[in-house]
Amino acid sequence: MNMRFPGICEFESLCGKIRESKKDESSELCLIVSSGTCGQAKGSLAVIDALEKSLKKHNLDKKVDIRITGCHGFCQVEPIVIVNPKNIFYQSVKPEDAKEIVSETIINKKVIDRLLYVDPKTGKKIKHEKDIPFYQKQVRALLANNVLIDPTKIEDYIGIKGYAALCEVLKTMKAEEVIYEVKKSGLRGRGGAGFPTGLKWEFCRKAKGDVKYIVCNADEGDPGAYMNRSLLEGNPHSVLEGMLIGAYAIGSSEGFIYVRHEYPLAVKNVKIAITQMEEYGLLGKGILGTDFNFDIEVITGAGAFVCGEETALIASIEGKKGEPRQRPPFPAQKGIWRKPTNINNVETWANIPLIINKGAEWFSEIGTAKSKGTKIFSLVGKINNTGLVEVPMGITLREMVYDIGGGIPNDKKFKAVQTGGPSGGCIPEEFLDTTVDYESLEALGSIMGSGGMVVMDEDTCMVDTAKYFLEFLQEESCGKCLTCREGIERLLEILNRITEGTGKEQDIELLKELGELVKDTSMCGLGQTAPNPLLSTIKYFKDEYMAHIRDKKCTAGICRALVEYFIIADKCTGCGACMKVCPEEAILGEKKKSYIIDQSKCIKCGICFETCKFDAVVKR
Amino acid sequence: MMEALVSVESILDKWNNEDASLISILLDIQSECNYLPKEALITVADRLNIPLIQVYSVATFYKVFSLKPRGKNIINVCVGTACHVRGGQRIVDEVKRKLNIDVGETTEDKLFTLETVRCLGCCALGPVVVIGNTYYSYVTQKMVGTILNKYKKSKNT
């Protein structure tokens with residue numbers, strides 16, 4: 001199918017027709033099923049299959065649409081099925097529920113109580129998404145669209161004002177005016193560093209060179225962050241439209257999307273979207289009859305965290321190993337094939353159509369003085385409501401953890417929240433009222449980063465957490481700078497010593513000194529921020545380090561060498577479950593009497609602790 | 001091996017023998033052969049007209065690539081931050097113990113290869129283990145044996 005349009009007006013008139021035909025859609029019967037990667041991992045495809053069969057059985061398959069969407073954000077209760085027009089929100093739906101959804105809710109117009117979300121605080125059942133506490137403090141400027149569209153249908157995107165911003169730009173704005181608008185909005189890079197986007201575009205526009213490239217950085221490498229994946233899976237056209245507008249403003253005719261290898265569904269949906277754009281004449285030569293040309297190529301990464309760094313990403317796009325290089329020259333001056341290159345994060349690109357459609361003022365009214373707009377975070381770890389949350393900048397960490405996240409599971413005590421991935425830091429309880437913006441998080445020794453927010457409770461060991469990130473970074477360091485390559489390894493050695501109970505008190509000072517050195521002397525962002533998790537945990541959780549060193553104790557019970565497992569005789573029912581699972585035959589005793597653990601044989605795997613239903617196995 | 005080399009040739013053609021597409025070429029070869037055979041790397045260097053060391057450096061730099069043949073079932077245990085705080089490392093240890101292999105190794109019967117991945121973006125489901133296209137969520141150490149047995153049985157039937 002090829003439907004290239006001779007001009008913008010012709011395309012707009014088709015868009016008008018599509019929007020008109022979709023106007024009444026919200027009042028029609030429709031089953032919306034969230035089916036991003038986590039939805040699918042929880043069985044959404046089987047649910048869709050069962051719903052289709054049920055509809056067919058009742059001869060409703062022509063009357064009731066099933067809209068397969070990307071992630072809605074509330075991963076904890078996936079798969080989600082929303083029944084329109086009444087917007088009834090069903091959670092944790094299983095294939096066997098499909099029959100009832102069709103017969104009860106679609107045909108008999110009744111709500112199925114047992115599939116509703118129950119507010120754990122009040123015990124009340126909630127019928128609509130908007131009333132669920134998880135969604136209430138969010139401002140879902142980007143994510144809300146995921147619910148409204150099937151990401152594999154360009155018409156759905158056009159239906160929600162998609163490509164209206166592009167038309168507006170091509171029809172009425174000069175390149176400089178677009179840049180001015182983006183600057184005025186105050187949008188800052190969502191990948192981590194927070195550089196003003198409009199300014200970045202201006203550098204690249206003004207750079208000398210006939211060929212310029214733009215790149216969408218979707219190499220979302222921070223473990224525990226997946227908002228980029230969700231946007232690409234759930235609404236790829238919004239990112240692509242942003243790129244088109246950016247290309248027009250910068251004067252580029254070629255773009256790349258660099259996607260992580262671990263995100264197959266994102267790659268698939270982006271490729272589908274690009275094919276549709278080509279069919280509509282939104283890519284290629286003479287886009288919508290103007291003299292603007294633009295093409296996009298999708299490039300898959302191959303598993304290297306450092307490729308999120310701009311210059312390493314450029315090397316990787318050129319087919320080389322992803323080693324960063326010295327800046328300047330900055331990518332805006334010399335990037336891919338030494339041509340001026342502008343790289344922005346997925347979420348940054350997705351914000352562009354919104355800014356054009358709703359205006360820079362609308363955008364800059366959200367947020368704080370220096371951090372504008374909304375930001376998507378992945379709220380994960382020891383938290384009741386795991387998911388993607390989109391909040392206005394300036395919300396407090398406490399609101400995020402307790403109001404949106406619903407607090408810590410199993411009445412455990414909050415210990416820290418880790419932001420910014422391996423380049424970020426751990427923030428303790430005393431700073432929970434800090435606002436979430438670029439400057440405030442940095443002042444605490446952490447960073448905003450790309451939006452990972454991992455909550456930790458009393459059972460998380462902070463020394464182990466620092467060790468975890470350093471292990472990660474030691475593996476991912478490209479090895480170019482000595483201090484990053486060797487420094488991180490030495491830091492890790494010291495930490496290993498501490499977690500094994502052979503640490504010395506001087507180690508803390510040594511860690512600090514070496515950490516600062518790695519920060520000061522590494523070339524790229526990876527090394528410059530690598531010690532952050534370590535230094536922030538030393539700063540806020542020094543007691544825990546000292547307990548490991550002085551008392552040889554890991555209070556969270558994580559560091560193996562410092563933990564012993566015991567069975568409390570009074571609590572042991574003699575069921576023998578622990579003995580059966582012990583891989584080392586270290587549990588001795590007889591059935592119906594209490595068991596004991598032979599410490600000389602115990603490898604501290606913890607499987608007995610996990611297995612015991614009577615809390616008789618304890619760590620100390 | 002002949003067959004594998006024929007497919008390497010067609011992969012190179014698909015990417016127009018361009019050295020800028022080296023990573024994509026290697027990804028395609030790996031998905032075809034399950035690993036990167038030495039002969040394939042030599043062919044790639046030859047056809048792209050670049051030194052073998054350049055191909056080798058890319059093949060060893062990126063984590064996805066394996067220069068050793070891998071097992072029929074590749075077990076990927078997520079050790080992203082969210083899975084880690086929920087005990088992901090214990091799951092890795094349990095798989096190691098059950099299969100008697102280390103991360104990156106393959107069992108003698110070539111049935112399993114153990115790999116780890118830093119975040120699959122399914123943090124709500126952690127700890128997560130992926131084998132083939134199947135995601136296992138909220139995995140406990142106790143579940144590991146049951147999960148592995150499914151694949152051992154399918155070998156016999």
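Hi everyone, this is a short walk through a predicted model with a chain A and a chain B.

Let me start with the scores. The model comes with an ipTM of 0.92 and a pTM of 0.94. For chain B, the mean pLDDT is 91, and 94% of the residues in that chain reach 70 or more. A general word of care for anyone new to predictions: where pLDDT is low, the coordinates should not be read in detail.

Now to chain A. Its secondary structure adds up to 26 helices and 19 strands. The domain assignment splits chain A into domain 1 (24–132), domain 2 (161–363), domain 3 (374–457), domain 4 (462–549) and domain 5 (564–619). Let's pick out one pair of these. Between domain 2 and domain 4 of chain A, the C-alpha centres are 34 Å apart. Where these two domains meet, 10 residues of domain 2 of chain A are in contact with eight residues of domain 4 of chain A. On the domain 2 side of that meeting, you'll find six nonpolar, two polar and two charged residues.

What about the overall form of chain A? Along the principal axes, its C-alpha atoms fill a box of roughly 85 × 65 × 40 Å. Its radius of gyration is 27 Å, which agrees with a compact globule, because a globule of 620 residues would come out near 25 Å. In chain A, 53% of the 620 residues are buried. And if you take contacts in chain A between residues at least 6 apart in sequence, 71% of them join residues at least 24 apart.

On to chain B, which has domain 1 (2–61) and domain 2 (73–156). The centres of these two domains of chain B, taken over C-alpha atoms, are separated by 29 Å.

How do the chains meet? Here, 37 residues of chain B are in contact with 42 residues of chain A. Several helices of chain B each supply at least two residues to its side of this contact: helix 2 (22–33), helix 4 (52–61), helix 5 (81–85), helix 6 (88–99) and helix 7 (141–156). By class, the chain B side has 19 nonpolar, 10 polar and eight charged residues.

Next, the inside. The largest nonpolar core holds 215 residues, and those touching the most other members are A:Val81, A:Ile245, A:Met400 and B:Val128. Helix 12 of chain A, residues 236–250, gives the most to this core, with nine residues. Apart from that core lies another one of 15 residues, including A:Cys578, A:Cys582, A:Ala586 and A:Cys605. If you zoom in on B:Val128, its contacts beyond four places in sequence include B:Cys78, B:Cys83, B:Tyr135 and B:Val139.

Finally, some backbone details to look for on screen. A cis peptide bond joins A:Asn84 to A:Pro85, with omega about 10 degrees, and A:Pro85 sits in the loop between strand 3 (81–84) and strand 4 (88–90) of chain A. Chain B has a cis bond between B:Gly126 and B:Pro127, with omega about -10 degrees. B:Pro127 is in the loop between strand 2 (112–117) and strand 3 (129–131) of chain B.

One last residue: is B:Asn49 buried or exposed? B:Asn49 is exposed, because just 8 other C-beta atoms lie within 10 Å. B:Asn49 also has a positive phi of about 60 degrees, although it is not a glycine, and its place is the loop between helix 3 (38–48) and helix 4 of chain B.

Thanks for listening!

Key. Residues are numbered from 1 along each chain as its sequence is written. Chains are lettered from A and ligands numbered from 1 in the order in which they are written. This is a predicted model: local features need pLDDT of at least 70, side-chain atom pairs count only at pLDDT 80 or more; totals for chains, interfaces and linings use all residues. pLDDT is the predictor's confidence in each residue, from 0 to 100. Domain bounds come from an automatic or database domain assignment. Two residues are in contact if their C-beta atoms, placed from the backbone, lie within 7 Å. Ala, Val, Leu, Ile, Met, Phe, Trp, Tyr, Cys and Pro count as nonpolar, Asp, Glu, Lys and Arg as charged, and the others, Gly among them, as polar. Helices (H or I, at least four residues) and strands (E, at least two) are DSSP runs, numbered from the N terminus. The radius of gyration is taken over C-alpha atoms; the globule rule is 2.2 Å times the number of residues to the power 0.38. A residue is buried if 20 or more other C-beta atoms lie within 10 Å of its own, exposed if 12 or fewer, and partly exposed in between; C-beta atoms are placed from the backbone. A nonpolar core is a set of buried Ala, Val, Leu, Ile, Met, Phe, Trp, Tyr and Cys residues joined through C-beta atoms within 7 Å.
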